[in-house]
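Trainee: I have a structure open and would love to talk it through with you. Could we take it one piece at a time?

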Amino acid sequence: MAAFLRSSSLALTLVASLLALGCGDDDTMMVPEDAGPEPIDYGPTVPASTDHCSYVDLPPTAGSGGTVEAGAIEAGAAELVHDFPIGATLGAYTSRVTALGEGRTPDGRTERTSGSFTPSIGIETRNKAKAIVLRAGGETIVILKSDVGLADAAITHAIEERLEEVHGESFAGKVLWATSHTHSGFAQYTSNTILYLGLGQKRDEIVTRVIEDLVTVAGQAIENLEPARVGIASNDMFDQDDQVTRDRRGENDELMGGPKKDDFLVVMRVDAMDGSPIAIATVFGIHGTVLGADNLIISTEGPGAIERAVEENFEEPVVVMHLQGAAGDVSPAGSGGIDCPERPCYNFARIETLGRYARDAILTTWMTAGESLQDELAMEMVTRSVDLGPDWETFTIRDGELEYSEWDGRRIPDLEIFDGAGNVLSPVDEFNAPHGAGLCGGFGGALFPASQMPGTRNMEGPYRSCMSIDEAAPQFETLLDLPIGTTPACATTRLTLSALKIGDWSFLTAPGEPVTLWAQTLRERAPAGIDRTVVIGYSQDHMGYLLTPEDWLAQGYEPSINIWGPLEGEYIIEQSLALAELVETPEREDAVAGFADRVLPGPSDDSDLDPVDESPMAGTVEATPWESVYIRTGEMLTSSQPPATLQRLDSAYFTWIGEDPWVETPEVTLQRMDGDEWVAVERRSGRPVQDLDVILTYTPEPLQPAIGESQTHRWAVEWQAVTPWGTPDLDRVEDRFGVPMGMYRFHVEAGGYTLDSDPFEVTPATILVEASYAGGTLTGTATFHAEKGWRLIHSQMRSNQPVPANGTVTLNVDRDGTVETIEATLDGSGGFSVATGGGITSVEVVDRFMNVGSATL
């Protein structure tokens, strides 16, 4: 949630100005700094009530009561596209709230599904659901991953229940659901109403689709189980030159001994017995935030690019699953990209560089994992629910050395945070929020004056900006039109954690955004040792940023997104360590016995949604496209069909009337004429080109329907004519100018129709040539300029600005009709310099792909 409520200064400025209009004078709403003449006896302090919450017991851990034994390994993997409807909002930027303005739609459309958030409008890379299933020694473990912003415990447990219904065996405690933390993935599925501030209000239909997709892909992986071998390796010096990621949290540099980030790369290799790869899981932290809140097109972001880069090193589909590590304070790096003089900025090109930079280190570690492949392993996984708030005593840590004072919402603190030696003083009396607090970190006073924790208004430090949830939630409900409901928010009162042991490697889930220091602390204290303990972030559940007390007190953005203050993060570490101890023993324990129940969320109120439209015109290609059909450039299409000829680097478009996105998202495949047959353009892995290289956009008519008014649903697809990522023998960025020439078309499949666009011929690109002659030397430059392009065509320069041609070129030197042919190798700026005679009238440059351009001297 790198930009959950920090998503823009615009967002906070607007919220603050709204507060100034609606919240009255600060002094009239604060608890007085002094106690007054007569103290009031409020009686004994008790935790805030959770009577409004429903809870249910967890079933016993599957297979508990036996002994952990090594056994022959079976493994299966699968992947599918998540069935999310375009029009739902994307997570996780608060400034996608329509009223805040940053994420507004480019055409003013409204969509009731997304509620007060801006709706999604298209797809660059489809959000996927992936599964790796491992079975050995009587233990079956299901590892799932979704391209969404964060996990939710209610969904994790619902998957376990549905798998038991479908497969007739218990999976209780054996499902690990991890997420990519893309900030351009579908949202509206979390049951944590506080997280509505970044993901929009829950829609039960979306929740159901998430669960069923994950149950389906898990089932496919189970069906694919076969004898296998597993190896795990690590690299603790990953990306030392910050090409892939960078440290973004300077506030804790003193605690870390200098700027540090998550540089611990772990790769799990899963092979069939014949050596063919089944799956690859990678772990390291990277935020999915190259794209900003202005982007409304679905993208798997940096984590997805990492998966794609690894996938395309194999000549068959291999399930590559990137799992997050300590990404809480790690931003994406990358290079190149495109210039964005106007918003929205669709900088998908920079995202691709992240995958290309990470690929070699991942593959090297994958090779190392191949040196330790085993066909027999002992495995165990345990899961439990633990208490969180609102009982302050729950968060007592360090064997009682650090605790909170009781949360009465009235007490004036002593304002002393550290002792003379720099140790955190106990009890912590500044954090006094019976329902929890958010937006801590020391950004100034609380945005809502009435939500200021008592006695903290004028203090320096992280507590000054904290907002008590019980006072802030109603304000956010009104200002952002979000149904946050009664507090404490039920989902913040319990937490789901898991520990997984595979051989001598321990995997511990982090239910939120672990920062590097938090993950390092957990790994250092884990029984498996720091070198064999792996933290999987954004998994099982989500409670915001995870920090140690000292790190939380160092201020900054990260402390603003958690609920139970500075001790919450280390409390979670201690609970995780307790689980880690269980998977080190030879017994198969029941991890839930004697521990907390879990929250049972209620249904969402979807009464504001319109029924799904019938689409009698689905499959229709209009002679003249509707003038408001949205495409990436924002320009108006003059034809529904692509042009008859298309130069490399230019874009082809196709638009048609389709179905309501709640019914189905059309699948568009780029096809090429091969002999007398149309065949899918395929990547090296055998996957067809259906996203990543093509952008699908959606436009409803009317854009702003009245309640109950039906709409016509139009779709458009764009392909920029460059080599698709993974093109065999043409997969370098330098080869992007060489997409094979010939006839292409778009093939569309949906539930109720199929369509083919008119064919179009891809022809050579125009090389921009500048040349001069002096002193017996012909010099010049050869460049390309895809002014409206969006694909990566240079790893360092902006890909929609002039970029150099590369490689060996042929110079056809014309002297009044007499042509001399000279070969030249271009330098890094596209320059050439050759010795030749004078009298030159023009020079033509032809590159190895037959792109051509000329200049007159």
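Trainee: Which strands and helices are included in what covers the buried residues of helix 3?

Mentor: Good place to start, and keep in mind that this is a predicted model. The buried residues of helix 3 include Ala153, Ile155, Ile159 and Leu163. What covers the buried residues includes strand 7 (139-146), strand 8 (175-179), helix 5 (204-223), strand 21 and strand 26 (598-599).

Trainee: What span should the 15 residues of helix 3 have, and how far apart are its end C-alpha atoms?

Mentor: Helix 3 covers residues 153-167, and the expected rise is 1.5 Å a residue. That gives an expected span of 21 Å, which agrees with the distance between the end C-alpha atoms, 21 Å.

Trainee: Which residue caps the N-terminal end of helix 3?

Mentor: Look for a side-chain oxygen that lies 3.2 Å from the backbone nitrogen of Ala154. Past the other end, helix 3 is followed by Gly168, with a positive phi near 75 degrees. The N-terminal cap itself is Asp152.

Trainee: Turning to the cores, which helix gives the largest share of the largest nonpolar core?

Mentor: That core has 70 residues, and those touching the most other members are Phe395, Tyr404, Phe431, Tyr463, Phe476 and Trp518. The largest share of this core is seven residues, and they come from helix 12 (residues 568-582).

Trainee: How many residues are in the second, separate core?

Mentor: Among the members of this second core are Ala129, Ile159, Val668 and Tyr744. We have already met Ile159 as one of the buried residues in helix 3. The second core has 65 residues.

Trainee: Back to Phe395: which residues does it touch, not counting those up to four places away in sequence?

Mentor: Phe395 is among the residues of the largest core that touch the most other members. Leaving out residues up to four places away in sequence, Phe395 touches Leu388, Gly389, Leu402, Tyr404, Trp407, Trp564, Leu567, Glu568 and Tyr571.

Trainee: How many residues apart in sequence are the parts that Cys53 and Cys490 tie together?

Mentor: These two cysteines are joined by a disulfide, S to S 2.1 Å. Cys53 lies in the loop between helix 2 (26-29) and strand 1 (55-56), and Cys490 in the loop between helix 9 (469-480) and strand 21 (494-502). The parts they tie together are therefore separated in sequence by 437 residues.

Trainee: Is the link of Cys53 and Cys490 left-handed or right-handed?

Mentor: The angle about the S-S bond is what you need, and here it is -90 degrees. For contrast in sign, the link of Cys340 and Cys345 has 55 degrees and is right-handed. The link of Cys53 and Cys490 is left-handed.

Trainee: Is Cys340 buried, partly exposed or exposed?

Mentor: Cys340 forms a disulfide with Cys345, their sulfur atoms 1.9 Å apart. Buried means under 20% relative accessible area and exposed means over 50%. With a relative accessible area of 25%, Cys340 is partly exposed.

Trainee: What is the pairing of the bonded cysteines, numbered in sequence order?

Mentor: The whole structure has three disulfides. Besides Cys53 with Cys490 and Cys340 with Cys345, there is a disulfide between Cys440 and Cys466. Numbered in sequence order, the pairing is 1-6, 2-3, 4-5.

Trainee: Last one: how many bridges pair strand 10 with strand 12?

Mentor: Strand 10 (residues 226-235) also runs antiparallel to strand 3 (residues 74-81), joined by two bridges. With strand 12 (residues 265-272), strand 10 pairs in the antiparallel sense, and Ala228 stands opposite Ala272. The number of bridges between strand 10 and strand 12 is eight.

How values were computed: Residues numbered from 1 in each chain as written. Predicted model: local features only at pLDDT ≥ 70, side-chain atom pairs only at ≥ 80, totals over all residues. Heavy atoms only, no water. Core = buried A, V, L, I, M, F, W, Y, C linked by side-chain atoms within 4.5 Å. Buried < 20%, exposed > 50% of the residue type's maximum accessible area, 1.4 Å probe, protein only. Helix = DSSP H or I, 4+ residues; strand = E, 2+ residues; numbered from the N terminus. Contact = heavy atoms within 4.5 Å. Disulfide = S-S within 2.5 Å. Pairing = 2+ DSSP bridges. Expected span 1.5 Å × (residues − 1). Polar contact = N/O pair within 3.5 Å; in protein donor to acceptor, adjacent residues only side chain to side chain.
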